[in-house]
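Please open your viewer and keep the sequence beside it, so that each selection can be found in both places. The tour goes from the whole chain to single residues, one stop at a time.

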Amino acid sequence: MQFGYARVSKHHDQDTTLQLKALQDAGAERVFTEHASGGRWDRPELQKMLDQLREGDVVVVWKLDRLSRSLKDLLHIMEHLSARGAGFRSLTENIDTTTPAGRMMMQMVGAFAEFERAMIRERTQAGLKQARLEGRVGGRKRKLQPQQEREILEMVQSGRRTAAQCARLFGVHPSTVTRLLQRQETA
């Protein structure tokens, strides 16, 4: 079965007439229509269509960007289609994963996406390394200053206060004091 998917943003001046005509001409037997941004994950009609897919079905869209604005989301949807044994056709870009050439085209898109993710990861690691060299450290700021930690350790170890009392006194969660005491024991 061929499922069509038509989507327009929520702008009042947009409608799906052109898409619906193209999908009908392409042989879509059932069409799901959505009025939502392509960058959103919560598109109920898309989810409804994906849930109904069976092996051998084909999802047809007028243009790739009607299915998704994000390459990551598009690839996620393609993986879902593949796992279900369904094909994909984009009428405007002339991509058809039911053919060897169409599968190759989608694999190339996937390869570029993987390359892009690797480049982003590499730039992020380089930025973090540079920040460390400049003395900046990531993560959340410590709740207690070293002097406060010493005071808590001394109070709890001497028996003057309990860990819970120290937590209230210094305005921190009891687990913060517990972790401090555990670090002291293993040191």
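What follows is a walk through a predicted model, with a selection to make at each stop.

**Stop 1: the whole chain**

Begin by showing the whole chain as a cartoon, in which you can look for 8 helices and 5 strands. Followed from the N terminus on, these elements run in the order β-α-β-α-β-α-α-β-β-α-α-α-α. The radius of gyration of the chain is 28 Å, well over the 16 Å that the globule rule gives for 187 residues, so the chain is more spread out than a compact globule. If you turn the C-alpha trace along its principal axes, you will find that it spans about 85 × 35 × 35 Å.

Now switch on the surface of the chain, whose accessible area comes to about 12,500 Å², with 52% of it belonging to carbon and sulfur atoms. Of the 187 residues, 33% count as buried. Among the contacts between residues at least 6 apart in sequence, 64% join residues that are at least 24 apart. You may also colour the charges, 31 of them positive and 23 negative, and note that the mean positions of the two groups are 9 Å apart.

**Stop 2: the sheet**

Hide the surface and select the strands, which form an open sheet of 5 strands in the order E2-E1-E3-E4-E5, with mixed pairing. Strand E2 (30-35) and E5 stand at the edges, and each has a single partner strand, so one side of each is left without a neighbour in the sheet. As background for this stop, strands of a sheet pair through backbone hydrogen bonds, either parallel or antiparallel.

Select strand E1 (residues 2-8) together with E3, and you will see a parallel pair joined over 4 bridges, in which Tyr 5 stands opposite Val 61 of E3. Then add strand E4 (residues 87-90), which runs parallel to strand E3 (residues 58-61) and is joined to E3 by 4 bridges. Two places to zoom in on here are Val 59, which stands opposite Phe 88 in E4, and Val 60, whose bridge partner in E4 is Arg 89.

Which way do the valines of E3 point? Show their side chains, and you will find that Val 58 and Val 60 point one way from the strand while Val 59 and Val 61 point the other way, and that all are buried. This can be set beside a general pattern: in a regular strand the side chains alternate between the two faces of the sheet.

**Stop 3: the hairpin**

Next select E4 with strand E5 (residues 95-96), a pair that runs in the antiparallel sense over 2 bridges. In E5, the bridge partner of Arg 89 is Asp 96, and the bridge partner of Ser 90 is Ile 95. Arg 89 is thus a good residue to keep selected for a moment, with Val 60 as its bridge partner in E3 and Asp 96 as its bridge partner in E5.

The hairpin of E4 and E5 has 4 residues between the strands, and Asn 94 is found in this loop. Is Asn 94 buried or exposed? With a relative accessible area of 69%, Asn 94 is exposed, since residues count as exposed over 50%. Look at the backbone here as well, where phi of Asn 94 is near 55°, a positive value in a residue other than glycine.

**Stop 4: two residues of one helix**

Finally, select helix H4 (residues 71-84), where Leu 71 has its place and where Met 78 lies too. At 12% relative accessibility, Met 78 counts as buried, whereas Leu 71 is partly exposed, with a relative accessible area of 31%.

Show the surroundings of Leu 71, leaving aside its neighbours within four places in sequence, and you will find Val 109, Ala 113 and Glu 116 in contact with it. Do likewise for Met 78, which is in contact with Leu 67, Phe 88 and Met 106; Phe 88 is the residue of E4 that you met opposite Val 59.

To close, try two distances from C-alpha to C-alpha. Leu 71 and Gln 47 are 24 residues apart in sequence and 18 Å apart in space, while Met 78 and Val 137 are 59 residues apart along the chain and are separated by 39 Å.

Definitions and conventions
Residues are numbered from 1 along each chain as its sequence is written. This is a predicted model: local features need pLDDT of at least 70, side-chain atom pairs count only at pLDDT 80 or more; totals for chains, interfaces and linings use all residues. Side-chain values use heavy atoms; hydrogens and water are left out. The radius of gyration is taken over C-alpha atoms; the globule rule is 2.2 Å times the number of residues to the power 0.38. Buried means under 20% relative accessible area, exposed over 50%, partly exposed in between (1.4 Å probe, protein chains only). Contact means heavy atoms within 4.5 Å. Accessible areas come from the Shrake-Rupley method with a 1.4 Å probe; for residues, only the protein chains shown count as cover. Lys and Arg count as positive and Asp and Glu as negative; His and the chain ends are not counted. The place of a charge is taken as NZ of Lys, CZ of Arg, CG of Asp or CD of Glu. Two strands pair if DSSP finds at least two bridges between them.
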